[in-house]
Structure formats: C-alpha cells, structure tokens
Amino acid sequence: MKHWQGIINEYRQYMPVSDSTPVISLCEGNTPLIYSCNLSEITGFKVYLKYEGLNPTGSFKDRGMTMAITKAVESGAKSVICASTGNTSASMAAYSARAGIKSYVLIPDGYVALGKLAQATIHGAQVIKIKGNFDKALEMVIDISSKYPIALVNSVNPFRIEGQKSGAFEVCGQLGQSPDALVIPVGNAGNITAYWKGFKEFKNADKISYLPKMIGFQAEGSAPIVRGHKVDNPDTIATAIRIGNPASWKFATQALQESNGYINMVSDEEILKAYNVLTKKDGVFCEPASAASVAGLLKYHDKLNLKKGSVVVCVLTGHGLKDPNIAISQSSEIDEAIEPTLDNIVEKINF
Ligand SMILES: *Cc1c(COP(=O)(O)O)cnc(C)c1O
C-alpha cells in the first residue's frame, strides 16, 4: 500500500500544480467517514460523518492551506496574512512554519477558541487582535494584501477552494459513489463552494454519475444567507461560523440553486444538543460550529426532500479539542478529591 502524501499529491491531476511546484504538505486529508447508527435511526437516512477534525491541525482548513501556502511559496512570497475566527490561523501558522515563511493573523478580540489561539502562537504566527469582528478583519487583510507585498490566504484566495474541493473527492472515493446529500455548516461559505466544485469536477471526469444535494446550515445569530441580508453584529457560540457577510456568498447561492439544495438556520441551543448527541451517542467529538450540520439534519430532516435510505454525509469541520471551554461548560462538574479507600471509590460507581 502506498503511503498517503496529502491532497495535492493524491489528486494532482485536479490541482493547479506542475512538476516543479514545491508542495508544502502535512499529509492532510484522508480523514475517516464514520457511519452513524444513531443519526441513521433517527432520520431514516444512511448518515455518515466526515470527521475533518482529524486533519493535521484539527480542521478542514488544512486542505485549502496546503494549496494556498504551496502557491504562495511558488510565487516567491516571504510572508502570508489572514483574518480568522481561529482555524484558518491555526492552519496557516503550521503550514507557514513548515514552509519557512512568516505569518500574520488578524483576529476578533475575545471570539477565538482557546485551542486555536494556542496553535497559531506555538507555530510562530504573529497574532494581531482587533476591536472588531471577523468581517472587519477580512476587510482589513484584503486591503493590506492589495497594497503591500504579503500573500492573502483567506478563502477569497482561489487556491484555498482548489485544495478544499478534495473533501468531495474523498467522500466519493470512500462511498464508491456520490452521496445523495452533503450537509455542511456555512460561515464564510468557502467550504460549501469547494465541495460543490469538487463534486462537479468528479462528475465531469465520470468518477460519479450524479451530483448530491448541497445542504447548508448557519447559526441563527449569524445567518446572513438564510435571512438574505448582511448581519452587522453576528453572534453565536459556534465562533467558526460567526460571520455576518460571507465572502463566498454568491458561490454558495449558486451551489444551492444548481444542486436543488437547502439552507436554513439552527439556534445555539440546537447546536449544543447536536454536539452532545455526537459525543455521547457516536463517540465523535467535534467543535460547536461542526455540530451545526448535525443540528440542522436533526431539525429539518423531513423537509429535505430526500427518500428514506438516502446516503447523507455530514461534514464535521473541526475537532472538539479546539474549544475546551465549551466542552467543559457542557459537562457536569467533577467532585472534590477523596481519600483513595475501596469503600469511597465503590460508592461512586453504579455497578
Ligand atoms: C471555517 C470553518 C467553518 C466554516 O467554513 P466556511 O468555509 O467559512 O463556510 C465551519 N466550521 C469550522 C470548524 C471552521 O473552521
């Protein structure tokens, strides 16, 4: 068996690279597609979880970042910049470290999960906090990268989308066919755009015979696409999708239309319920934003126009360890330490 060498080498013919492109990879991709007995039972579909939390930095952002950093290095860039709700910066920091280039990130003060911030700083990214939200940060880095010699690696960078479309390729490879529907959380809308592009390319290459329905879910407090207008002060515990003016809005709308898809929103309470269902019934730990896909499936499964037994893939975009504060807030408190006697311990156990 060949050793997995990351999404660029694996899907080279679909990627914008040549033989001389210096591939910067951490062997991202090849993440598990896990069958969910519980969600299948509840919905009547065959539900699979694409566990993107198992990428090298713990989110799907690595698929796009390997491509974006590879192309930045190929073009001679010495530094890169992004705006981030956390995972883009974690990924950028790791791939930049590997490439030996400098990285800078603008983050909204107070709204980046602890694990993500730790990743950005430990890999040596320069973190710049701003008094403003993600949308403001993105506006700033677009402006800066247009005026100064620094490469922008947000998903407005088309190479990010090229890399991220590999998620669709993998799902088709793992199922041996296209799913009937792909369910995905939507923030800046780069990922839904990328998956749709990937499915279409596989269809054109005759790797699959039909295209899936694209189904997106946003958080109620930051659901611009669902509501049909920008949201000025987006708010949700799912910080990775706390975005009021998605950069790929237009492409997301296209994907939804072309695939006869569906988009709606879920509340923070519903997101946390799905998060708990996944951890407790499936043994799968994802971050809150990822659970929005499952929350939407649980809430709207009979509105999706899908037959019983349809193959449905939920993309779990990031790992649960990214946001330990939410995990702890959802768990019961641990009792004070006790004397280690047999009686004391036995008393705690429900045999
Ligand atoms: C970035 C991110 C999203 C949103 O993806 P978009 O491409 O911005 O729509 C969802 N979940 C997690 C964990 C993310 O890091």
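**Entry 1: a surface patch**

Buried means under 20% relative accessible area, exposed means over 50%, and partly exposed lies in between. I keep that rule at hand for V346. The model I am reading is a predicted one. V346 has a relative accessible area of 37%, so I file V346 as partly exposed. I find V346 in helix α15, which covers residues 342–348. V346 also belongs to a nonpolar surface patch of about 640 Å². The other members I list are I338, L342, I345, I349 and F351.

**Entry 2: the whole protein**

Next I step back. I count 15 helices and 10 strands in the protein. The C-alpha trace spans about 65 × 50 × 50 Å along its principal axes. I then check the radius of gyration. A compact globule of 351 residues would have one near 20 Å, and the protein has 20 Å, so the two agree. Of the 351 residues, 57% are buried.

**Entry 3: salt bridges around E162**

How many salt bridges does the structure hold? I note 17. I start with E162. E162 forms a salt bridge with K165, and their closest N and O atoms are 2.5 Å apart. Both of these residues, E162 and K165, are buried. E162 also meets K197 in a salt bridge, at 2.7 Å from N to O. The E162 and K197 pair links distant parts of the chain, 35 residues apart. E162 sits in helix α7 (residues 158–164), while K197 sits in helix α9 (residues 190–204).

Is E162 buried or exposed? Its relative accessibility is 16%, so I count E162 as buried. K197 has a relative accessible area of 28%, so K197 goes down as partly exposed.

**Entry 4: K299 and E270**

I move to another pair. The side chains of K299 and E270 meet in a salt bridge, 3.2 Å from N to O. This pair also links distant parts of the chain, with the two positions 29 residues apart. K299 lies in helix α13 (residues 288–300), and E270 lies in helix α12 (residues 268–282). K299 counts as partly exposed because its relative accessibility is 32%. E270 is partly exposed too, with a relative accessible area of 27%. I add one network to this page: salt bridges that share partners join K50, E52, R63 and E170.

**Entry 5: helix α13**

I stay with the helix that holds K299. Does its length come out as expected or not? At 1.5 Å a residue, the 13 residues of α13 should span 18 Å. The end C-alpha atoms of α13 are 18 Å apart, so the length agrees.

Then I ask how many of the residues of α13 are buried. I get 11 of the 13, so α13 is largely enclosed by the rest of the structure. Among the buried ones I write down P288, A289, V294, L297 and Y300.

**Entry 6: cysteines**

Last, I look for disulfides. A disulfide is a covalent bond between the sulfur atoms of two cysteines. The cut-off I need is a pair of cysteine sulfur atoms within 2.5 Å. By this rule I count zero disulfides. I check the cover of two cysteines as well. C27 has a relative accessible area of 37%, so C27 is partly exposed. C82 has 0% relative accessibility, so C82 counts as buried.

Definitions and conventions: Residues numbered from 1 in each chain as written. Predicted model: local features only at pLDDT ≥ 70, side-chain atom pairs only at ≥ 80, totals over all residues. Heavy atoms only, no water. Patch = residues over 30% accessible without salt bridge, like charges linked within 9 Å, V, L, I, M, F, W, Y side chains within 5 Å. Areas by Shrake-Rupley, 256 points an atom, 1.4 Å probe, with all protein chains shown as cover. Salt bridge = Lys/Arg side-chain N within 4 Å of Asp/Glu carboxyl O. Helix = DSSP H or I, 4+ residues; strand = E, 2+ residues; numbered from the N terminus. Buried < 20%, exposed > 50% of the residue type's maximum accessible area, 1.4 Å probe, protein only. Expected span 1.5 Å × (residues − 1). Rg over C-alpha atoms; globule rule 2.2 N^0.38 Å.
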